Amino acid sequence: MLWKLSLTGIKSRFKDYAVLFSGLTLAAAIFYMFMTIAINPAFLKGALTIAFSITKFVFAFGIALLSLITLVYIVYANSFLLSMRKKAYGTYMILGARNSKIGRLIFIETLIIGILATVLGIVIGIGLTQVVAQLLISQMGLQIHKFFGFYIPAMLWTLIFFVILFFLAAFCNRHKLVKTPVINLLHEDQKPVKLHQNKVWKFVEAVLGIALLATGYWAMHDYQHLMTNSVIIGFFTIVPGSYFVFDSFFTGIINFLRKNKAFKDHKLHSFTLGQLKFRLGDYNRILTVVSLLFALALGAITVGLNFNNLTEDAMKSTYYDVVLYKKDAAVNKQIKRVSVRQKQTLDYKQTIVGHGKDKLPVLYMKKSEIDKKNLKYQHYYRKNDQEDWTTRTITVKGVNNPKGEENYQLSSLTPYSGNQVKLVSDKQYRQIKAKKRQVSLLLVNNFRSNFNNVEKLQKLSVDQTISQSAQGVDVSLKNSKSAQYRLVAAIASGFEFMGFFLGIAFLAMLASTLMFKVLSGANSDKPRYKMLWKIGAQRKLLKASIRSEIGTLFALPAILGIVDVLFGLQFFKSMLSNPYDKIWIPFTIFLVLYLIYYLITVKLYEGIVLKNK
């Protein structure tokens, strides 16, 4: 019987449960995807273990964030659903149902929704993981075969996590229901909203809220001096500041508009402003949470997409795409697979000068060759506290300064990085009794598309040099442009995908949470709209009032969230050259999705309050 009542209850509130169900399904799908990428050993069989070690850490961090937000979402969503069902549960109690039976009923309903959403989320997550993992592998230039999105340990961890969350939520719902008197359950939608009318306190709250937000934004901007303390200061100022702003500042704006007779008396503005005044008094906490989640979601997508710029910085730091120290048949064969646009060679000889403790290896090169070939290097500098590189030419004058940058940059093109370079005439060079050596410096067409072949070519040359190494050889694949690119691409790709999917999950949760809060008060609003209808208000005016009211509730946290993001991105200047680059892309995606949730909420709300008008 309890199972039948549970299923009937879910069916009767199908639209409300569908919103919760969709948000939970998306959360479970993304959680499964993150878990699969973070713990699946198939990634460790890739071309470079360290790349996916970093990626696994990034996705593990994403799991922690997603878990925290999911917990908050489930608490809010279940609380709203419980408030909508209290009247029905109170009716069951009047008809003779025992508290324990009703407690079991809500417990079963919550678990059914949770388990179904988790199972469906895992199914969707399997396909999502397969697609995302292949994109991630392709973007990082790895070659991993026989990877499948189906991974049993990730399924088990996802099930365990969500079942525990829903078990706790069901237990809390049961406890609240059993402890609530029957009379309160029956009149849940008639509870008055308490408004705090102390004008002095409201003014203090408004000033304090703006001051706290300003302090948090200053902390984000002054990240160079505050370092990680800027995040701590921002958290403990922006969170309470947002609450105070919603509790006082926005309410003050509404009171100001209500005093404007021309605006108030136009159409149904007086009714709409009255609704909003009561709404904001009851919605302060939820609007604060939504604005913070909005900022986190939009920030995650914006920062994630901009992490891709790190790969550009990695390519800027080194001028030559490939440095070949030695050649053999395998290296010559691999060169043919690389689209080379420019090739230069550099001859040198190495000898030991001095005696005893003063012995020092020296690289000899011809002045004429340095003058003629215009070899390049990337000069590092900081501008406006941002890292950047500029291309410079190696000159004879610069190399002749043994402590200068150009001397070091020239030696780093050989396997003897760090050796002092001396430039001599052609005649002197021929007289030096040492083996003539040569390095080849390559620039390729489109480094990204040629990456796999470039990396293989560089690795062949480095391995050959190390296997035939002489004393003093200082060469490593880690120092090559391809290795630096792969390492940075691992970090950038991981954060890019994590940011995008975390942002989408946050958006679904915050928008559906706000939707729940709005719809939970729809039944208590029905008499007000019925009264307006009876005194002659037109249907289009009622709809316009609904759109304005709900639009304001959606717009206020979005506006504050956008402001939070714009200031919060200042902190990421320590990692990204321009965290605001292409900011219109995530903003457009986010606002379109947010608008869709708003339109759905308006439609559902109209279906409740304007039904049978």
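Me: What makes up the largest share of the nonpolar patch on the surface?

Reply: Seven residues of the nonpolar patch, its largest share, come from helix 5, which spans residues 152–179 (helices, H or I, have at least four residues and strands, E, at least two, both being DSSP runs numbered from the N terminus). This is a predicted model, in which local features need pLDDT of at least 70 and side-chain atom pairs count only at pLDDT 80 or more, while totals for chains, interfaces and linings use all residues. Residues are numbered from 1 along each chain as its sequence is written, and side-chain values use heavy atoms, leaving out hydrogens and water.

Me: Why are Ile39, Trp157 and the others called a patch?

Reply: The name fits because a patch takes residues with over 30% relative accessible area and no salt bridge, joining nonpolar side chains (Val, Leu, Ile, Met, Phe, Trp, Tyr) within 5 Å and like charges within 9 Å. Ile39, Phe150, Ile152, Leu156, Trp157, Ile160, Ile164, Phe167 and Leu168 form the nonpolar patch, and together they have about 880 Å² of accessible area (Shrake-Rupley method, 1.4 Å probe, with only the protein chains shown counting as cover for residues). Among them, Trp157 is found in helix 5.

Me: How do you know that Asp347 and Lys436 form a salt bridge?

Reply: Their side chains meet at 3.8 Å, N to O, and the definition asks for a side-chain nitrogen of Lys or Arg within 4 Å of a carboxyl oxygen of Asp or Glu, so the pair qualifies. Asp347 lies in strand 2 and Lys436 in strand 7, so the salt bridge ties together parts that are 89 residues apart in sequence.

Me: What makes Asp347 buried or exposed, and what makes Lys436 so?

Reply: Buried means under 20% relative accessible area, exposed over 50%, and partly exposed in between (1.4 Å probe, protein chains only). Asp347 has 9%, so it is buried, whereas Lys436 has 53%, so it is exposed.

Me: Why are Lys373 and Glu369 also called a salt bridge, and where do they lie?

Reply: Their side chains meet at 2.7 Å, N to O, so the cut-off already given is satisfied. Lys373 and Glu369 are four residues apart in helix 14, and therefore about one helical turn separates them. Lys373 is partly exposed at 23%, while Glu369, at 7%, counts as buried.

Me: How do you know that strand 2 and strand 7 pair?

Reply: Two strands pair if DSSP finds at least two bridges between them; strand 2 (residues 340–353) and strand 7 (residues 436–444) have nine, in the antiparallel sense, so they pair. One of the bridge partners in strand 7 is Arg437, which goes with Tyr348. Strand 2 pairs in the antiparallel sense with strand 3 (residues 360–366) as well, over five bridges, and there Ile352 stands opposite Pro361.

Me: What makes Asn374 unusual in its phi?

Reply: Most residues other than glycine have a negative phi. Asn374 has a positive phi of about 50 degrees although it is not a glycine. Asn374 is found in the loop between helix 14 (367–373) and strand 4 (376–383), and with 41% relative accessible area it is partly exposed.

Me: How do you know that Thr288 is buried, and which residues does it touch?

Reply: Thr288, placed in helix 11 (residues 269–306), has a relative accessible area of 6%, which is under the 20% limit, so it is buried. Leaving aside residues up to four places away in sequence, Thr288 touches Val239, Ser242, Tyr243 and Phe246 (contact means heavy atoms within 4.5 Å).
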